[in-house]
Amino acid sequence: MNKKSATPARADQPVVDIRGLRKSFAGIEVLKGIDLQAYAGEVIALIGGSGSGKSTTLRCINLLEAPSAGSISLFGTPLQLKPCSTGDLQIADRAQLRRIRAKLGMVFQNFNLWPHLSLEQNIMEAPMQVLRYSKGEARDAAHALLERVGLYEKRCSYPATLSGGQQQRAAIARSLAMEPEVMLFDEPTSALDPELVAEVLAVIQGLAEEGRTMIIVTHEMKFAAQVANKIMFLNEGRVEEEGTAQQIFGNPNSERLKQFVSSIK
Amino acid sequence: MFKAQVLVAHRIALALFFAALFALAAVNMQWDWIPDYAAKILQGLAKTIVLLISTSIAGFILCIPIALAQVCGPKPLAWLAHKFCTIIRGTPLLLQIWLLYYGLGSIFPYVPGLREAWIWPYLIDPWPYAFVALTLSFAGYEGETMRGAFAGVAKGELEAGHALGMHPFTILRRIWLPRAIQRVLPTLNGELILQLKATPLVATIAVVDTYAIFARIRQETYIIYEPLLLLALTYLLLAGLITLLCKYFEAKSRARLSS
């Protein structure tokens, strides 16, 4: 398939560039100015306690959550945001948002596969509807991706008949079918039984080794240390500390991170 | 798969009982009018079925914007849609049919130029009024049902569509609507049967449906009971057909949704 669109961002320019991101829910500020830059090929892990704002940060990147303030640039283009009646920012150009979302793969905690479609159809849907692939093209791509995540035999099964781990692998395949330039993972293993976590992490690790740009919100610290070039520790809506796994886990500076690291050992 | 056994004692007994009842009715009651009216009955039946199918489809299509307006529309539209459902569901269908037919029907002749328009022959026919009244009624009930069905589709499934860059209309067409319909299938069966049983009301504005034919048979032959029995049987069979059809679709969708 050679439909890969969009000019690759310059190496010296981050593909995801977030500055001063703020978000309030009903007057309570959960993000208090987050800066995040991801360069092509980088794997960033967002860690932190629950309520620290890591999922909200991730969901603001593709505007599933409307930020209250801040700027978001993706692939070198700033998102055109304007204030709306609730006080949050909203997209000014919806077509621009759809174009950008098509290049951002998102994997959810609860998989969010479409129950009325078979695995194959789940994966073919967006390439056909958004990228205008023909049915044949989309099916070939879907089969290759299902093969890759080890679900080719299940291509005609419906999501409800699969285990959580299988569903999440299918959901990853669904995102990959759009040939995204950046993958966002929102706690991809948090809803899984412990024995199913490994199979999903293996797929994500494989993607990291391909040199994909990824931002992963996770509670799997060992995994984060393994795959991430950069780890960001969030606390109460701020980036408390960021650095390599070595720095974060081996040599934490702040009190809060020291506590966090010792609590997960 | 578990398959119900047909030949069990109580079923055989029931079948024999009804066979006996049927034989008794055939022998002791008067059915000689049937051949004379067979053609008319079939015509009436066709009208009932056409009315049922056309108003159910049109009503269902109309209910989608009514339901969506209530779930995610701007406030004035949501208010309007909600009031529409309240009024339709809160007033007798018979009254709605009469208000349309006698109300509008008495206003139209005073609209300048309408009498000369191409549409005039249709406006003096009771058909369009029956169609509109039954369609609005179905839309009102389904609008309320579909509102709940749309709202009940997991937010994450729609978010997945947005995150993939899908157009909101594509998400509605490919995900939201099919998922909502899946949820209303069990109730749709009952509501289609109610719609079937609402159709005889159009006989009051001189649409000649199944019921109207049987009413005429009673007037012309002075036979009271037998036509009513056959009429009841006819509606029962139609209702049975609807149930079979719905069960088929329900089984199909349940097979997908359960592990």
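In strand E9 of chain A, Leu184(A) is the bridge partner of Met106(A). I start with this pair, and I note at once that the model before us is predicted. The pair belongs to a longer contact between strands: E8, residues 104-107 of chain A, and E9(A) pair in the parallel sense over four bridges. E9(A) also has a partner in strand E10, residues 213-217 of chain A; the two run parallel and are joined by five bridges. Within that second pairing, Met183(A) stands opposite Met214(A).

How are E9(A) and E10(A) related through a helix? Together with helix H6, residues 194-209 of chain A, they make a right-handed β-α-β unit.

Let us stay with E9(A) and ask how many of its five residues are buried. The strand spans residues 182-186, and five of its five residues are buried, which leaves the strand mostly covered. In a regular strand, the side chains alternate between the two faces of the sheet. In E9(A), Val182(A), Leu184(A) and Asp186(A) lie on one side, while Met183(A) and Phe185(A) lie on the other. Both of these faces are covered.

I turn now to the nonpolar cores. In soluble globular proteins, nonpolar side chains tend to be buried together. In this model, the largest nonpolar core holds 77 residues. Among the residues with the most contacts inside this core are Val16(A), Leu36(A), Leu74(A) and Ile215(A) from chain A, and Met146(B) and Phe150(B) from chain B. Which element gives the most to this core? That element is helix H8 of chain B, residues 168-198, which supplies twelve residues. Apart from this core lies another, of 49 residues, including Tyr133(A), Ile216(A), Val227(A) and Val261(A).

Leu74(A) serves as an example of a core residue and its surroundings. Leaving aside residues up to four places away in sequence, Leu74(A) touches Val15(A), Val16(A), Ile61(A), Leu79(A), Ile100(A) and Leu104(A).

The next topic is the hairpin. Strand E1(A), residues 16-25, and strand E2(A), residues 28-38, pair in the antiparallel sense over eight bridges. Phe25(A) has Ile28(A) as its bridge partner in E2(A). Two residues lie between the strands of this hairpin, and Ala26(A) takes a positive phi near 50° there.

E1(A) also leads us to the charged pairs. Side chains of opposite charge can pair when their charged atoms come close. Over all chains, a search of the whole structure finds 17 salt bridges. In one of these, the side chains of Lys23(A) and Asp88(A) meet, with 3.0 Å from N to O. Where do the two residues lie? Lys23(A) is in E1(A), whereas Asp88(A) is in the loop between strands E6 (81-83) and E7 (89-91) of chain A. With their positions 65 residues apart in the sequence, the pair links distant parts of the chain. Lys23(A) is buried, with a relative accessible area of 4%. Asp88(A) also counts as buried, at 15% relative accessibility, because the cut-off is under 20%.

Both members of this pair are also in contact with Ser68(A). Ser68(A) lies in the loop between helix H1 (54-61) and strand E4 (69-74) of chain A. Besides Lys23(A) and Asp88(A), Ser68(A) touches Arg22(A), Ser24(A), Gly87(A) and Leu89(A), again not counting residues up to four places away in sequence. A polar atom of the Ser68(A) side chain lies 2.9 Å from the backbone nitrogen of Ser24(A).

A second salt bridge joins Arg59(A) and Glu65(A), with their closest N and O atoms 2.9 Å apart. Arg59(A) and Glu65(A) are both buried. They are linked with Lys155(B) and Glu159(B) in a network of salt bridges.

A further salt bridge is formed by the side chains of Glu255(A) and Lys258(A), at 4.0 Å from N to O. Why are these two residues about one helical turn apart? They are separated by about one turn because they stand three residues apart in helix H9, residues 255-263 of chain A. Is each of them buried or exposed? Glu255(A) is exposed, with a relative accessible area of 55%, and Lys258(A) is partly exposed, at 38%.

I close with Gln246(A), which has its place in helix H8 of chain A, residues 245-250. Gln246(A) counts as exposed, at 64% relative accessibility. Its C-alpha atom and that of Ile231(A), 15 residues away along the chain, are separated by 9.5 Å.

Key:
Residues numbered from 1 in each chain as written. Chains lettered and ligands numbered in written order. Predicted model: local features only at pLDDT ≥ 70, side-chain atom pairs only at ≥ 80, totals over all residues. Heavy atoms only, no water. Buried < 20%, exposed > 50% of the residue type's maximum accessible area, 1.4 Å probe, protein only. Pairing = 2+ DSSP bridges. Right-handed = clockwise from strand over helix to strand, strands pointing away. Core = buried A, V, L, I, M, F, W, Y, C linked by side-chain atoms within 4.5 Å. Contact = heavy atoms within 4.5 Å. Polar contact = N/O pair within 3.5 Å; in protein donor to acceptor, adjacent residues only side chain to side chain.
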